[in-house]
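Trainee: Could you take me closely through one part of this model, following the contacts and pairings outward from a chosen side chain?

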Amino acid sequence: QEYSLYPHRDVLGNLTDAISLNLPAEFAKIKAAHILETVGFEKEKTMGMLNKWPDELSGGEQHRVALAQVLIKEPNIVILDEPTASLDPMAEQEIFNQFDRLRADKTTIFVSHRLSSATVASKIAVLEYGKLIEEGDHRTLMAQRGRYYELFSTQAKRYVTQNEEEQ
């Protein structure tokens, strides 16, 4: 949940030098632009983003750049705590769509209270008071009608109720 960008470096610097990613300059730009697209920036805007400073970015943009810092190094294991908490639902969905491709051969652990993000996981672990109480994929846990089902359904009702009230 907590992240910060280096304020004295532009986006390109935050995605390369600041995290000790030593690449030839042109390759660094190409890789940085690609990873920005992966975390939800529009392809046409990624090269322009590289020269921006952190204080020129919105909170959601800063969050996506911080996420890009993790992904640009292509780690085999990624642990993300509420990785899309400050993003709007459309940006969140785009990132999860890209993550499916990115994490194909990697271990990714998401910590999230927003259970809609858990639906893409191959395995969900439900913890309560520090103990594992349920484990499985979304479909299996929903069919069991246990604690995950209860939590997921409660969150889903908020969306349905809000949507019905707006109509």
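Mentor: Setting aside residues up to four places away in sequence, Trp53 touches Pro7, His8, Arg9 and Asp10. This is a predicted model, and in it the C-alpha atoms of Trp53 and His8 are separated by 7.7 Å although the two residues lie 45 apart along the chain. Trp53 sits in the loop between α3 (46-49) and α4, and with a relative accessibility of 38% it counts as partly exposed, because that value falls between the 20% and 50% limits.

The helix that follows this loop, α4 (residues 59-71), is mostly covered, with 10 of its 13 residues buried; among them are Gly60, Glu61, His63 and Arg64. The length of α4 can be checked as well: at 1.5 Å a residue its 13 residues should span 18 Å, and the end C-alpha atoms are 19 Å apart, which agrees.

Further along the chain, strand β3 (residues 124-128) pairs with strand β4 (residues 131-136) in the antiparallel sense, over five bridges. Glu128 has Lys131 in β4 as its bridge partner, and in this hairpin, which has two residues between the strands, Tyr129 takes a positive phi near 55°.

Glu128 also takes part in a salt bridge, its side chain meeting that of Arg147 at 2.7 Å, N to O. That pair links distant parts of the chain, since Glu128 belongs to strand β3 and Arg147 to helix α7 (residues 147-166), 19 residues apart. Arg147 in turn meets Glu150 in a salt bridge of 3.0 Å, N to O; because these two are three residues apart in helix α7, they are separated by about one helical turn. Glu128, Arg147 and Glu150 are thus linked in a network of salt bridges. As for their accessibility, Glu128 is partly exposed with a relative accessible area of 28%, Arg147 counts as partly exposed at 28%, and Glu150 is partly exposed at 43%.

His138, in helix α6 (residues 138-144), brings in both the strand and the region after it: leaving aside its neighbours within four places in sequence, His138 is in contact with Thr119, Ile124, Tyr148 and Phe152. With one of these, Tyr148, the side chain of His138 makes a polar contact of 2.8 Å.

A salt bridge elsewhere joins the side chains of Lys45 and Glu42 at 4.0 Å, N to O, where Glu42 counts as partly exposed at 47% relative accessibility.

Note on methods:
Residues numbered from 1 in each chain as written. Predicted model: local features only at pLDDT ≥ 70, side-chain atom pairs only at ≥ 80, totals over all residues. Heavy atoms only, no water. Helix = DSSP H or I, 4+ residues; strand = E, 2+ residues; numbered from the N terminus. Expected span 1.5 Å × (residues − 1). Buried < 20%, exposed > 50% of the residue type's maximum accessible area, 1.4 Å probe, protein only. Contact = heavy atoms within 4.5 Å. Pairing = 2+ DSSP bridges. Polar contact = N/O pair within 3.5 Å; in protein donor to acceptor, adjacent residues only side chain to side chain.
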